[in-house]
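Me: I am new to this structure and would like a close look at a single part of it. Could you walk me through the salt bridges and what surrounds them, in one connected answer?

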Amino acid sequence: MSSWVVKNRKDPQYRRHFLTDNSSYQVERCMSVMQSGTQMVKLKPGSKALVRLFFLDEHRSCLRWKPSRKSEKAKITIDSLYKVTEGGQSDVFHRHTDTTFDPACCFTVYHGNHMESLDLVTSNADEARTWITGLQFLMAGISDEDSLAKRQRTHNQWMKQTFEEADKNGDGLLNIEEIYQLLHKLNVNLPRRKVKQMFQEADTDDQQGTLTYDEFSVFYKMMSLRRDLFLLMMAHSDRKDHLTAEELAHFLRNEQKMIDVTPEFVAEIIDKFEVSDENKQRGVLGIEGFTSFMRSPTCDVFNPLHHEVNQDMEQPLSNYFIASSHNTYLTGDQLLSHSKTDMYAWVLQSGCRCVEVDCWDGPDGEPVVQHGYTLTSKIPFKSVIETINKYAFINNQ
């Protein structure tokens with residue numbers, strides 16, 4: 001199967017070129033203007049244009065606008081930006097044929113998994129140039145980060161933003177009722193007794209009954225502890241709350257089936273993923289570091305070599321065949337039909353190169369494949385991957 005790749009800001013040379021052409025002074029000026037806010041016309045398909053104040057939030061993580069009936073949703077995260085184009089080139093601009101805009105004042109922000117467009121018109125060309133430059137700089141910075149740093153940065157921004165939105169009275173503290181409301185909003189279903197217990201454990205300062213941001217961070221860590229990973233770590237650490245370098249090496253060799261696990265490699269993992277300076281000095285990996293390591297690309301089953309495009313990608317898109325299968329396991333409709341491993345054998349032998357495996361928790365801790373929240377039948381995940389292994393490469397390497 002071939003894939004279509006568009007050269008964009010993720011090119012590692014993009015940021016170098018960008019910073020060569022733009023001084024740090026210019027960039028900071030853009031950031032300052034964007035955070036102060038700019039009134040722009042927001043175009044929408046099939047409706048009148050709206051005048052809104054657009055601004056970059058204090059953490060430089062979100063593009064926001066007001067007024068809005070849904071203020072919490074009136075934002076686009078910088079992480080989700082795909083590209084920024086100058087001039088009125090989008091479909092939305094083309095639909096507004098009844099109004100003439102100066103192309104120098106127009107730009108479009110594409111964002112999200114479905115490439116949605118935010119189409120904006122400024123009052124003058126300088127404002128448009130400022131926003132285009134600033135957004136491109138922020139996008140280039142994100143693409144230049146390694147995945148661990150990006151994930152940590154995004155998590156920190158989300159934590160700060162979540163705390164501020166949960167603080168209804170703006171006193172910089174969260175009481176137990178605000179915590180209950182926040183957990184309900186996040187769809188976290190924990191018994192109130194358990195929540196109150198964790199709240200009291202995190203509330204360690206003189207202001208009893210409320211959590212500061214630092215205390216909230218402790219509370220959140222307790223609440224989001226991965227029990228499966230904690231038990232896994234305990235099983236390999238002789239029931240301690242950390243893994244020594246020797247225990248980590250044993251886990252990597254015997255559980256993860258890694259080869260060439262040297263003391264240097266283990267030390268690098270501890271140094272990169274452990275969050276506690278004390279644990280780093282002792283050369284051990286605690287539960288937070290272990291969780292971060294297990295969730296990192298280092299433990300991905302995806303082959304990192306496949307990040308690089310190695311086929312001819314210069315042909316028109318219509319020259320490529322992409323054969324994919326949706327709900328591969330189903331023999332009929334998506335609500336009541338049966339699931340069978342035979343379907344994987346059939347589509348793979350028919351030339352399909354992409355299949356779908358919907359995994360769910362099954363009985364006895366074994367995963368099953370099914371169409372969730374429906375009455376379709378279940379099949380063991382093990383049987384599915386055995387079938388894929390048997391038939392995947394018969395007709396195609």
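Reply: Glu28 counts as partly exposed, because its relative accessibility is 42%, a value between the cut-offs of under 20% for buried and over 50% for exposed. The model you see is predicted, and Glu28 is a good place to enter it. The partner of Glu28 is Arg60: the two form a salt bridge in which the closest N and O atoms are 3.1 Å apart. This pair links distant parts of the chain, since Glu28 sits in helix H2 (residues 24-36) and Arg60 in the loop between strand E2 (50-56) and E3, 32 residues apart. Arg60 is also partly exposed, with a relative accessible area of 29%.

From that loop we can move on to strand E3 itself. Here the side chain of Arg64 meets that of Glu165 in a salt bridge, at 3.6 Å from N to O. Glu165 belongs to helix H5 (residues 147-166) and Arg64 to strand E3, so this salt bridge ties together parts that are 101 residues apart in sequence. How exposed or buried are the two partners? Arg64 counts as buried because its relative accessibility is 14%, while Glu165, at 26%, counts as partly exposed. Lys185 joins in as well: Arg64, Glu165 and Lys185 are linked in a network of salt bridges.

Lys185 leads us to helix H6, which covers residues 176-185. Several residues of H6 are buried, namely Glu178, Ile179, Tyr180, Leu182 and Leu183. At the start of H6, Asn175 places a side-chain oxygen within 3.1 Å of the backbone nitrogen of Glu177. Just after the helix, Asn187 has a positive phi of about 60 degrees.

Now back to strand E3 (62-66) and what follows it. The peptide bond from Lys66 to Pro67 is cis, with omega near 0 degrees, and Pro67 is located in the loop between E3 and E4. Lys70 lies in the loop between strand E3 and strand E4 (75-77) too. Lys70 counts as exposed because its relative accessibility is 56%. On the surface, Lys70 gathers with Lys44, Arg69 and Lys73 in a patch of positive charge.

One more pair is worth a visit. The side chains of Glu247 and Lys240 meet in a salt bridge of 2.6 Å, N to O. Glu247 counts as buried because its relative accessibility is 16%, whereas Lys240, at 26%, is partly exposed. In the sequence, Lys240 comes right after Arg239, which has a positive phi of about 65 degrees although it is not a glycine. Arg239 lies in the loop between helix H9 (227-236) and strand E10 (242-244), and Arg239 is exposed, with a relative accessible area of 67%. Asp260 offers another positive phi in a residue other than glycine, near 55 degrees. Asp260 is found in the loop between helix H10 (245-254) and helix H11 (263-273), and at 66% relative accessibility Asp260 counts as exposed.

To place these pairs in the whole: a search of the entire structure finds seven salt bridges, among them Arg60 with Glu28. The protein chain has 397 residues, of which 37% count as buried, and its secondary structure comes to 15 helices and 14 strands.

Technical notes
Residues are numbered from 1 along each chain as its sequence is written. This is a predicted model: local features need pLDDT of at least 70, side-chain atom pairs count only at pLDDT 80 or more; totals for chains, interfaces and linings use all residues. Side-chain values use heavy atoms; hydrogens and water are left out. Patches are made of residues with over 30% relative accessible area and no salt bridge: like charges are joined within 9 Å, nonpolar side chains (Val, Leu, Ile, Met, Phe, Trp, Tyr) within 5 Å. Accessible areas come from the Shrake-Rupley method with a 1.4 Å probe; for residues, only the protein chains shown count as cover. A salt bridge is a side-chain nitrogen of Lys or Arg within 4 Å of a carboxyl oxygen of Asp or Glu. Lys and Arg count as positive and Asp and Glu as negative; His and the chain ends are not counted. The place of a charge is taken as NZ of Lys, CZ of Arg, CG of Asp or CD of Glu. Helices (H or I, at least four residues) and strands (E, at least two) are DSSP runs, numbered from the N terminus. Buried means under 20% relative accessible area, exposed over 50%, partly exposed in between (1.4 Å probe, protein chains only). A polar contact is a pair of N or O atoms within 3.5 Å; within protein, one must be able to donate a hydrogen and the other to accept it, and residues adjacent in sequence count only if both atoms are side-chain atoms.
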